[in-house]
Amino acid sequence: MWQTLLNKFEKYPAQAKVLKLLFERGFQVNEEGKVTSGSIEIAHTQLAKEAGVDRRVVDATTKTIVSDELLSTIFKNVHSIPFLRDVAPALGLGVIIIIPEDAAHVGILAEVAGLISRHNVSIRQAVSDDPYLTDNPRLTIITDHKVPGDLVDDILNLPSVKGVSIY
């Protein structure tokens, strides 16, 4: 899927950077080519600064998105979610970050979730990095309380898991 989107910008690597930024942040692009998060408009100059490109590159990217049926459908409907990883400790929640042996392996989330439930720990959020968007994808699981050490040991024993961090 991601490669299909990138192919539309293969001749324009700077626009591909903008596309990736928009998608990773869950920003929408409306019919007028304005970048939004919900009803909040985000200045193209700010996006350009974040992506390390000129504002005109953002303008060209949003113009392409609006004029392409697939891109337009995606960017009218994509949404961001609050990722609890960095605030979980302040909320009294646990954080487990799984480093997979192979992020494309089928069933990593199911294996880890099964172990977590057997330890009578509830999952509040699970976020998996897309291996096609991220160089070092991780599976981040937020739990309803701090993670017991024996659970970490059990997760480390899974063949699909290379490493685990908790906080």
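**Stop 1: the three-stranded sheet**

Select strands 1, 2 and 3 of this predicted model. They form an open sheet in the order 1-2-3, and the pairing is antiparallel. Now look at the edges. Strand 1 and strand 3 (40-42) stand there, each with a single partner strand, so one side of each has no neighbour in the sheet. Next, pick out strand 2, residues 35-37. Two bridges join strand 2 to strand 1. To see the two strands face each other, show Gln28: Thr36 in strand 2 stands opposite.

**Stop 2: Phe27**

Step to Phe27, in the loop between helix 2 and strand 1 (28-29). Is Phe27 buried or exposed? Its relative accessibility is 13%. The cut-off for buried is under 20%, so Phe27 counts as buried. Show what Phe27 touches, leaving out residues up to four places away in sequence: Leu22, Val35, Thr36, Ser37, Ile42, Leu47, Phe75 and Val78. Keep Phe75 selected for the next stop.

**Stop 3: the aromatic pair**

How many aromatic pairs does the structure hold? The structure holds one. Phe23 and Phe75 form this pair, with 6.2 Å from centre to centre and 75° between the planes. The arrangement is edge-to-face. Colour helix 2 (residues 13-25) and helix 5 (residues 69-77). Phe23 sits in helix 2 and Phe75 in helix 5, 52 residues apart, and the pair links these distant parts of the chain. Phe75 is buried, with a relative accessible area of 0%.

**Stop 4: two packed helices**

Keep helix 2 and add helix 4 (residues 55-67). The two helices pack at an angle of about 70°, and their axes are 9 Å apart. Helix 2 and helix 4 are therefore roughly perpendicular to each other. Show the side chains at the contact. From helix 2, select Ala14, Gln15, Val18, Leu19 and Leu22. From helix 4, select Val57, Val58, Ala60, Thr61, Thr64 and Ile65.

**Stop 5: zoom out**

Show the whole chain. The chain is divided into domain 1 (1-76) and domain 2 (85-166). The C-alpha centres of the two domains lie 31 Å apart. For another distance, select Phe27 and His105. They are 78 residues apart in sequence, and 29 Å apart in space from C-alpha to C-alpha.

**Stop 6: the four-stranded sheet**

Select strands 4, 5, 6 and 7. In what order do the four strands of this open sheet lie? The order is 5-6-4-7, with antiparallel pairing. Strand 5 (123-128) and strand 7 (161-166) are the edge strands, and each pairs on one side only. Neighbouring strands in the sheet are turned by 15° against each other on average, direction ignored.

Zoom in on strand 5 and strand 6 (residues 139-143). Five bridges join these antiparallel strands. Show Gln125, which stands opposite Ile142 in strand 6.

Now add helix 6 (residues 108-118). Helix 6 packs on the sheet and touches strand 4 (94-100), strand 5, strand 6 and strand 7. The direction of helix 6 makes about 25° with that of strand 6. Then add helix 7 (residues 149-156), which lies across strand 4 and strand 7. Helix 7 runs at about 160° to strand 7.

**Stop 7: Asn120**

Finish in the loop between helix 6 and strand 5, where Asn120 lies. Most residues other than glycine have a negative phi. Phi of Asn120 is a positive value, near 60°. At 68% relative accessibility, Asn120 counts as exposed.

Methods
Residues are numbered from 1 along each chain as its sequence is written. This is a predicted model: local features need pLDDT of at least 70, side-chain atom pairs count only at pLDDT 80 or more; totals for chains, interfaces and linings use all residues. Side-chain values use heavy atoms; hydrogens and water are left out. Domain bounds come from an automatic or database domain assignment. Two strands pair if DSSP finds at least two bridges between them. Axes are lines fitted to C-alpha atoms, for helices over the stretch in contact, and angles run from 0 to 180 degrees between N-to-C directions. Contact means heavy atoms within 4.5 Å. Rings of Phe, Tyr and Trp (its six-membered ring) pair if their centres lie within 6.5 Å; planes under 30 degrees apart count as stacked, over 60 as edge-to-face and the rest as tilted. Buried means under 20% relative accessible area, exposed over 50%, partly exposed in between (1.4 Å probe, protein chains only). Angles under 35 degrees count as roughly parallel, over 145 as roughly antiparallel, 65 to 115 as roughly perpendicular and the rest as oblique.
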